[in-house]
Amino acid sequence: MSDRPANGSGNPEPTSADIEAATRRLMAALDALESAVERRREADRDENELAIRIQALGADRSRLADELDGSVRKVRRLGTTNLGVARWLEAAIGSIWSLLDAGVRSRATST
């Protein structure tokens with residue numbers, strides 16, 4: 001009889017305990033890989049959600065900038081209109097004072 005193993009590789013054949021241990025290690029490695037893939041998917045989803053939020057913030061910023069520009073233009077127009085109305089009122093008040101002064105003077109001279 002020969003002392004050589006039957007599988008011809010020079011290594012003894014693995015026992016069922018060795019196969020079970022290797023199977024457990026393989027299963028643990030597959031579980032770890034599956035967990036890593038799931039974490040990566042979640043990270044990708046988070047990145048996509050963040051990108052969507054950033055894009056929405058950019059759109060909001062643009063919209064708000066446009067609204068602000070419109071409000072600034074409106075305030076300037078209102079300021080110009082206000083100045084014109086103030087000048088018109090000042091002129092009207094001046095005219096009224098002039099008429100009142102003229103009426104007072106004409107009464108004073110007629111008495």
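1. A nonpolar patch on the surface is formed by Val85, Trp88, Leu89, Ile93, Ile96, Trp97 and Leu100, which together have about 750 Å² of accessible area. The model under discussion is a predicted one. Within this patch, tryptophan 88 may serve as a reference point: tryptophan 88 lies in helix H1 and is exposed, with a relative accessible area of 59%. The cut-off for the exposed class is over 50% relative accessible area, so tryptophan 88 at 59% falls within that class.

2. As to the overall architecture, the secondary structure of the chain comes to 1 helix and 0 strands. Helix H1 covers residues 16-110. Of the 111 residues of the chain, 1% count as buried. The chain exposes about 10,200 Å², and carbon and sulfur atoms supply 59% of that area.

3. A search of the whole structure for salt bridges returns 5 of them. Three pairs are described in the points below.

4. Which residue forms a salt bridge with aspartate 44? The partner is arginine 40, and the closest N and O atoms of the pair are 2.9 Å apart. Aspartate 44 and arginine 40 are 4 residues apart in helix H1, which means that about one helical turn separates them. Both side chains belong to partly exposed residues: aspartate 44 has a relative accessibility of 30%, and arginine 40 has a relative accessible area of 48%. Besides this pair, salt bridges that share partners join Glu38, Arg41 and Arg45 into one network.

5. The contacts of that network centre on glutamate 38. Its side chain meets the side chain of arginine 41 in a salt bridge, at 3.9 Å from N to O. The cut-off for a salt bridge is within 4 Å, so the pair at 3.9 Å is counted. Arginine 41 and glutamate 38 both lie in helix H1, 3 residues apart, or about one turn of the helix.

6. Glutamate 38 also forms a salt bridge with arginine 45, where the closest N and O atoms are 3.4 Å apart. As for solvent exposure, glutamate 38 is partly exposed, with a relative accessible area of 33%. Arginine 45 likewise counts as partly exposed, at 41% relative accessibility. In general terms, side chains of opposite charge can pair when their charged atoms come close.

7. A patch of negative charge is also present on the surface, where Glu42, Asp46, Glu47 and Glu49 gather. One of its members, glutamate 47, lies in helix H1. Is glutamate 47 buried, exposed or partly exposed? At 46% relative accessibility, glutamate 47 counts as partly exposed. Patch members must have over 30% relative accessible area, so glutamate 47 at 46% meets that requirement.

Definitions and conventions: Residues numbered from 1 in each chain as written. Predicted model: local features only at pLDDT ≥ 70, side-chain atom pairs only at ≥ 80, totals over all residues. Heavy atoms only, no water. Helix = DSSP H or I, 4+ residues; strand = E, 2+ residues; numbered from the N terminus. Buried < 20%, exposed > 50% of the residue type's maximum accessible area, 1.4 Å probe, protein only. Patch = residues over 30% accessible without salt bridge, like charges linked within 9 Å, V, L, I, M, F, W, Y side chains within 5 Å. Areas by Shrake-Rupley, 256 points an atom, 1.4 Å probe, with all protein chains shown as cover. Lys, Arg positive; Asp, Glu negative; His and termini not counted. Charge placed at Lys NZ, Arg CZ, Asp CG, Glu CD.
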